[in-house]
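Work through the exercises below with the sequence and the structure side by side, and try each task before reading its solution.

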Amino acid sequence: RNGSGRGIKAIVVYPMNALANSQFGELEKFLCHGYPEGGEPVTFKRYTGQETDEERQAIIANPPDILLTNYVMLELILTRVDERTLVERAAGLQFLVFDELHTYRGRQGADVALLARRVREACNAPDLQYVGTSATMSTGGTFADQQREIAAVASKLFGSPVLPDNVIG
């Protein structure tokens with residue numbers, strides 16, 4: 001709505017690079033094809049560690065609207081001096097999306113929960129909207145039971161209340 005090129009507005013976190021690669025292709029279909037080069041409504045880049053140094057430097061120099069990454073690389077972005085520009089350009093971040101939310105359990109879940117809080121603080125984003133996606137978070141009971149269970153897990157992971165009514169099935 002505000003136009004492209006005003007900093008990183010969304011970070012999408014994948015548990016595996018293969019998922020980030022797959023979704024990068026899907027975004028190309030919807031956000032690139034049919035638009036003239038440079039006329040895309042939203043920019044996006046993958047930043048997973050698979051990119052060359054030249055590609056990473058280009059992303060740092062000109063951050064996209066949407067950054068696709070994994071949780072390990074996001075942690076590194078928050079701690080590496082050379083990538084501090086990405087954090088600065090994500091000031092006021094609007095969306096932090098965790099794909100395959102059901103994979104974040106145990107120690108990894110605790111790491112990701114702390115990461116979600118660090119991103120909110122580092123990006124000075126008190127109104128950050130968290131989004132979690134999963135096709136297999138909860139399968140038992142009624143839909144209302146599932147909504148309550150998913151909301152409880154998401155609230156713990158995000159460190160922000162998630163109401164059952166905000167769980168979409």
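**Exercise 1.** Find which residues Arg89 is in contact with, leaving aside its neighbours within four places in sequence.

*Solution.* Begin by placing the residue: in this predicted model, Arg89 belongs to helix 4, which covers residues 84-89. Next, look for heavy atoms within 4.5 Å, the cut-off for a contact; once the neighbours within four places in sequence are set aside, the partners of Arg89 are Gly5, Arg6, Gly7, Ile8 and Pro63. A distance can be added to this picture, since the C-alpha atoms of Arg89 and Asn62 are separated by 9.2 Å, although the two residues are 27 residues apart along the chain. Finally, decide on its exposure: the relative accessibility of Arg89 is 31%, and because partly exposed covers the range between under 20% and over 50%, Arg89 counts as partly exposed.

**Exercise 2.** Compare the span of helix 1 with the expected value, and then work out which of its residues are buried.

*Solution.* Helix 1 runs over residues 17-31 and so has 15 residues, which at 1.5 Å a residue should span 21 Å. The C-alpha atoms at its ends are 20 Å apart, in agreement with that expectation. Turning to burial, Ala20, Phe24 and Leu31 are the buried residues to note in helix 1. Seen down the axis of helix 1, the buried residues fall within an arc of 55 degrees, and therefore they line one face of the helix. On the other side of helix 1, by contrast, Ala18 and Phe30 are exposed. The last step is to ask what covers the buried residues of helix 1, and the answer includes strand 1 (10-14), strand 2 (44-46) and strand 3 (66-70).

**Exercise 3.** Repeat the analysis for helix 5, asking which residues are buried and what covers them.

*Solution.* Helix 5 (residues 106-122) has 17 residues, and the distance from its first C-alpha to its last is 24 Å, close to the 24 Å expected at 1.5 Å a residue. Its buried residues are Gly109, Val112, Ala113, Leu115, Ala116, Val119 and Arg120. When helix 5 is viewed down its axis, these buried residues fall within an arc of 160 degrees, so they line one face of the helix. Arg107 and Glu121, on the other side of helix 5, are exposed. The cover over the buried residues of helix 5 includes helix 3 (71-79), strand 4 (95-98), strand 5 and helix 6. Just after helix 5, Asn124 takes a positive phi of about 45 degrees.

**Exercise 4.** Describe the lining of the largest pocket and that of the second largest pocket.

*Solution.* The largest pocket has a volume of about 630 Å³. It is lined by 26 residues, of which Gly132, Ile150, Asn166, Val167 and Ile168 are the closest to its centre. Strand 5 (129-132) and helix 6 (143-158) each supply at least two residues of this lining, and helix 6 gives the most, with six residues. Sorted by class, the lining of the largest pocket has 15 nonpolar, 11 polar and no charged residues.

The second largest pocket has a volume of about 440 Å³. Among its 19 lining residues, the closest to its centre are Phe24, Thr43, Phe44, Lys45 and Pro64. Helix 1, strand 2 and helix 2 (53-61) each supply at least two residues of the lining. By class, the lining of the second largest pocket divides into eight nonpolar, four polar and seven charged residues.

Key
Residues numbered from 1 in each chain as written. Predicted model: local features only at pLDDT ≥ 70, side-chain atom pairs only at ≥ 80, totals over all residues. Heavy atoms only, no water. Helix = DSSP H or I, 4+ residues; strand = E, 2+ residues; numbered from the N terminus. Expected span 1.5 Å × (residues − 1). Buried < 20%, exposed > 50% of the residue type's maximum accessible area, 1.4 Å probe, protein only. Arc of directions from axis to C-beta. 1 Å grid on protein atoms, 1.4 Å probe; cavity = no way out; pocket = protein on both sides within 12 Å on 5 of 7 lines; lining within 4 Å. Points joined across faces, edges and corners; volume = space filled by probe spheres on them. Nonpolar A, V, L, I, M, F, W, Y, C, P; charged D, E, K, R; others polar.
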